Structures are given as C-alpha cells and as structure tokens.
Amino acid sequence: IRVSVLLQHYEGDEYWSALVPLIDGCFADGRTPEEATEKITPEIEDWVESNPGLLEVLEKQPRFMITEIPLVLREKGAKTNA
C-alpha cells in the first residue's frame, strides 16, 4: 500500500519531521526529507505490526491542503469595535 506521510521543516530547524497523520504519534526526523522518510518506514511497520487494523485505515488516502492567511495582531489592551 502507499501511505501518506507529511514532511515538515521550519526555518532555523536542523531536522525535517516526517509524520503519518492517520496514526497519532507516528513520527520520525532526519537531516533531510529523504532521511526522515527512511526513518518513518520502520515506525509505520511497527505500528501496523502491533495493530493490524491500521492497514484498513492507511489504505484510505487523505487529501491535504495548506494555505496561508493574513494575521494582523492588535496591540495588547487595545479595544475592538464589537
């Protein structure tokens, strides 16, 4: 099966994180996206081995979307016109 893995890297971080959104707590990290992906594979296998029912969950292909929104922060103590 093909498993959806989310890769994350924040500016300034040394490592990439790989996580499986469909398995809460299944993650690994590495210095590159490829290394993080390599490291998550045995983690997924361990999770499935200990809980075979996860195979049915992992067969479902989630859809992901990332968007950016503008955020304007008010000064502390500023009143809003509500």
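## Model and exposure

A residue is called buried when its relative accessible area is under 20%, exposed when this is over 50%, and partly exposed in between (1.4 Å probe, protein chains only). Thr41, which is found in helix H1, counts as partly exposed because its relative accessibility is 38%. The structure is a predicted model, in which local features need pLDDT of at least 70 and side-chain atom pairs count only at pLDDT 80 or more, while totals for chains, interfaces and linings use all residues. Residues are numbered from 1 along each chain as its sequence is written, and side-chain values use heavy atoms, with hydrogens and water left out.

## Strands and their pairing

Strand E1 covers residues 6-8 and strand E2 covers residues 16-19, and these two strands pair in the antiparallel sense over three bridges (strands are DSSP runs of E with at least two residues, helices are runs of H or I with at least four, and both are numbered from the N terminus; pairing needs at least two DSSP bridges). Within this pairing, Leu6 stands opposite Leu19 in E2. Strand E2 is also joined to strand E3, made of residues 27-30, by four bridges, and E2 and E3 run antiparallel.

Between E2 and E3, Ala18 stands opposite Ala28 in E3, and Leu19 stands opposite Phe27 in E3. Leu19 therefore appears in both pairings, facing Leu6 of E1 and Phe27 of E3, as the pairing rule is applied to each two strands in turn. Along E3 the side chains alternate, so that Ala28 and Gly30 point to one face and are buried, whereas Phe27 and Asp29 point to the other face and are not buried.

## Salt bridges

How many salt bridges are there by this rule? The count comes to two, where a salt bridge is a side-chain nitrogen of Lys or Arg within 4 Å of a carboxyl oxygen of Asp or Glu. Side chains of opposite charge can pair when their charged atoms come close. In one salt bridge the side chains of Arg31 and Glu14 meet, with a distance of 2.1 Å from N to O. This pair links distant parts of the chain, since Arg31 lies in the loop between E3 and H1 and Glu14 in the loop between E1 and E2, 17 residues apart. Arg31 is partly exposed because its relative accessible area is 46%, and Glu14 counts as partly exposed because its relative accessibility is 48%.

The salt bridge between Glu35 and Lys39 has its closest N and O atoms 3.2 Å apart. Because Glu35 and Lys39 are four residues apart in helix H1, they are separated by about one helical turn. Glu35 is partly exposed, with a relative accessible area of 27%, and Lys39 counts as partly exposed at 39% relative accessibility.

## Distances along the chain and in space

Separation along the chain can be set beside separation in space. The C-alpha atoms of Arg31 and Ser17 are separated by 8.8 Å, and these residues are 14 residues apart along the chain. Thr41, described above as part of helix H1, is 22 residues from Arg63 along the chain, and their C-alpha atoms are separated by 20 Å.

Where does Pro62 lie? Pro62 lies in the segment after helix H2, which covers residues 54-58. Pro62 is partly exposed, with a relative accessible area of 27%. From C-alpha to C-alpha, Pro62 and Gly25 are 17 Å apart in space, while in sequence they are 37 residues apart.
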